[in-house]
Amino acid sequence: MQILLYDTTLRDGTQREGLSLSVEDKLKIARELDLLGVHYIEGGWPGSNPKDAEFFQRIRRVTLRHAKIAAFGSTRHADATCDADANIQALVEADTPVVTLVGKSSTLHVEKVLETTPQENLAMIGDSVAYFKERGKEVVYDAEHFFDGYKLDAAYALATLTAAARAGADCLVLCDTNGGSLPDEVAAVVQVVRQHLAQEGFDVGTPDARLTLGIHTHNDGALAVANAIAAVRAGCIHVQGTINGYGERCGNMDLIPLIANLQLKLGYRCVTPEQLRRLTEVSHYVAAVANLNPDTHAPFVGHSAFAHKGGIHVAAVAKIPDSYQHIDPELVGNRMRIVVSELSGRGNVRMRAQELGLELNGNERVVLQRIKELENRGFQFEAAEGSFEMLVRRAAPDYEPPFELLDFTVVVSKHGDRDMTSQAMVKLRVGDEVMHTAAEGAGPVNALDRAIRKALLPHYPELADVQLVDYKVRIVDEHLGTAAKPRVLIESARGEERWSTVGCSENIIEASFMALWDSLELPLARRRAMAKATTESLQG
C-alpha cells in the first residue's frame, strides 16, 4: 500500500527551540523534500508572520516534481465568518493547492482555551472546511489533541471528525499533540475512528477512497515513530512528521526512520528505492541548512548507525555483515564503518586499514598494541582517523618521516594591561637540513602551528593549502581538576578533504603539538605513498 508522506519541517519543525529558517532556507529544504519524494510539504502558517507569507509567494515559481504545497492555519474564530476572519483570508491569499486546517478535538480546549461552546466549535470546523472546498482546495483537517480529547470525551472527539468529513475534508489527521500516547492506545483509537466513520457512511480504507485517515505524533514519550507505525498498521495512510524529528519540546515524529521502517520492514511504499537511498543525504542536508549538527547516532542515517567497535562484532561482520546489522546500510545511503579503539581486535585494525586503502603487511598486532597503549594514556582514535592512519603508515618498516621534531618552546606572557602574547620557537629537521624558526600567534597553539609551517613550507609548499578548521579539548581524568590530562582533537582540511588527529598529555601544549604533527605529516605521507605507487606502476 502507498503511504502518503506529509512533511511539516518548515512549519512545525521550526518550533524547535534554537531553530530558525530564512525564506531561502525553506525554499532549499522544499526542493530537497520534493526530490526525496515527499507527497505534501507544509510551508508554514501564512497568517502568523510575513516570512511564511513570502515563502508561499516565492514557492509558486518553483517547479516541483512530486510534492503539493500546503498552507497551515486554524479554523475560523468563534462567532465570526470565514469571509471576515484574517487567518482564513491569509490562507486564501497563500493560494496553495492544499489547505491544512487545525481544529479542537478536546472539550477541555474548546471550553477553557477557545472559551466557546462545543456546538460552536463543531460549526467552526464545518464552516472552515466547507469554505475551502467551495474554492476547489484539497483540505487536510488536523484534529488537534485528538487522543487526549478522546480519553476525555470520546463521543465529542468523534463528532469533530464527523463535522469535518461532512463538510468535505479530504483527510482527517489524528494528532497526538502532547506526545503522551502509547502504541496500543493509538492503534485501538484508530480502529474505533474507522468504525465510526464507516457507520457515518465514509470509506477510509484505501488511498482511492474519498476520505483518508492520517496520523500526527509528537515524541514527548519517545514513541512518536512507534505510534505512527501503529496508526499506519491500524489503517492510517497519511503520515505527518519532520526531517530529523525537529519540533517543539521533544520534537515531532521523525520521517527518516518512519520511511525506512515502513518500506524496508513492513513492505509499505513510501518512496522509490532510489529516493530511499537518499535518506542519509537528505537528513544531513536539512541539518546543515538548519545550522544544526547531525545526530551521529541517529537510526539509519547517523554516522555511527552502522559503526562497529567491539572486536567480536567486527570479526563477525567481516564474515557476514548482517550478523550485527539490521539492514544493508546502502539501502538508506549510509555505510558500514569499523571503529578502532582499545576494545578492538586485529580484525578492526585490518578492516579499518582496508577502508583507508592501506596495506598492513602483517603489522596488525603491532598497530593494535600501540593503539591499546595510547588509549590507556588517554588517546582516543574513534574520531581521529588521521592519527590512526599515521599509526599504520609509521608501522611500515620502510616508512621515512617527512620531517622530525628536535625541540620546541612556547612562551606565553602578559605585561600589565597589555594583551597577552604567545610566541613559539621550533627546531625541525627535513632530510639533512636543520631549521630554527619562531612565530607569534593569537594563542600558543596558533603560534606553534605558524612556527612549524614557517619551517616546513619552503620544503613542502603544498602545506599552505592545509587549514586547521576545528580544535577541541576534552579532559580525560576530570577528578584531578587543573592537573587533569587534556585530550586535543584537531580537524584539518584541504579543499573538500577532511581528517582528524589526536594528542593527549598532561601538558595541553604538548597534546596540541601531537595532534598538529599528525595533521601536517598525514598529507605529506599520502603524497609520498601516491608518488611511490605511481613510480612502481610505471616501472611495472
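Colleague: How many helices and strands does the protein have?
Modeller: There are 18 helices and 16 strands, both being DSSP runs numbered from the N terminus (H or I over at least four residues for a helix, E over at least two for a strand). The model is predicted: local features need pLDDT of at least 70 and side-chain atom pairs count only at pLDDT 80 or more, while totals for chains, interfaces and linings use all residues. Residues are numbered from 1 along each chain as its sequence is written, and side-chain values use heavy atoms, without hydrogens and water.

Colleague: What box do the C-alpha atoms of the protein fill?
Modeller: Taken along the principal axes, the box is roughly 90 × 65 × 50 Å.

Colleague: Why is phenylalanine 72 given its class, buried or exposed?
Modeller: Buried means under 20% relative accessible area, exposed means over 50%, and partly exposed is in between (1.4 Å probe, protein chains only). Phenylalanine 72 has 4% relative accessibility, so it counts as buried. Tryptophan 45, at 24%, therefore counts as partly exposed. Of the 540 residues of the protein, 53% count as buried.

Colleague: What makes tryptophan 45 and phenylalanine 72 a pair, and of which kind?
Modeller: Rings of Phe, Tyr and Trp (its six-membered ring) pair if their centres lie within 6.5 Å; planes under 30 degrees apart count as stacked, over 60 as edge-to-face and the rest as tilted. Here the centres are 5.1 Å apart and the planes are at 70°, so the pair is edge-to-face. Tryptophan 45 lies in the loop between β2 and α2 and phenylalanine 72 in strand β3, 27 residues apart, so the pair links distant parts of the chain. By this rule there are 9 aromatic pairs. Elsewhere, ring pairs join Phe403, Phe408, Phe513 and Trp517 into a cluster.

Colleague: How do you know that the strands β1 to β8 belong together, and in what arrangement?
Modeller: Two strands pair if DSSP finds at least two bridges between them. Strand β5 (residues 138-144) is joined to strand β6 (residues 171-176) by 4 bridges, and the two run parallel. One residue pair shows this: aspartate 142 has valine 173 in β6 as its bridge partner. With parallel pairing, the order β1-β2-β3-β4-β5-β6-β7-β8 makes a closed barrel of 8 strands. From one strand to the next, the twist averages 25°. Axes are lines fitted to C-alpha atoms (for helices, over the stretch in contact), and angles run from 0 to 180 degrees between N-to-C directions.

Colleague: Which strands does helix α1 lie across, and at what angle to β2 does it run?
Modeller: Helix α1 (residues 23-36) lies across β1 (4-7) and β2 (40-44), at about 170° to β2. Helix α2 (residues 50-59) lies across β2 and β3 (68-74), and runs at about 135° to β2.

Colleague: How do you know whether the span of helix α8 agrees with its number of residues?
Modeller: The expected span is 1.5 Å times one less than the number of residues. For the 17 residues of helix α8 (residues 183-199) that gives 24 Å, and the end C-alpha atoms are 25 Å apart, which agrees. Buried residues of α8 include Val189, Val190 and Val193. Their cover includes α6 (146-152), α7 (154-166), β6, β7 (212-217) and α9. Just after α8, glycine 201 has a positive phi of about 95°.

Colleague: What is valine 193 in contact with, leaving aside its neighbours within four places in sequence?
Modeller: Contact means heavy atoms within 4.5 Å. Valine 193 is in contact with Phe146, Leu158, Leu161, Leu174 and Leu213.

Colleague: What makes a set of residues a nonpolar core?
Modeller: The set must be buried Ala, Val, Leu, Ile, Met, Phe, Trp, Tyr and Cys residues joined through side-chain atoms within 4.5 Å. The largest such core has 96 residues, and those with the most contacts inside it include Phe146, Val193 and Leu258. Helix α9 (residues 224-234) gives the most to this core, with 8 residues. A second, separate core has 31 residues, among them Met390 and Leu520.

Colleague: Why is strand β16 described as it is, enclosed or not?
Modeller: Of the 8 residues of strand β16 (residues 497-504), 6 are buried, so the strand is largely enclosed by the rest of the structure. Strand β15 (residues 486-494) pairs with β16 over 8 bridges in the antiparallel sense. In their hairpin, with 2 residues between the strands, glycine 495 takes a positive phi near 65°.
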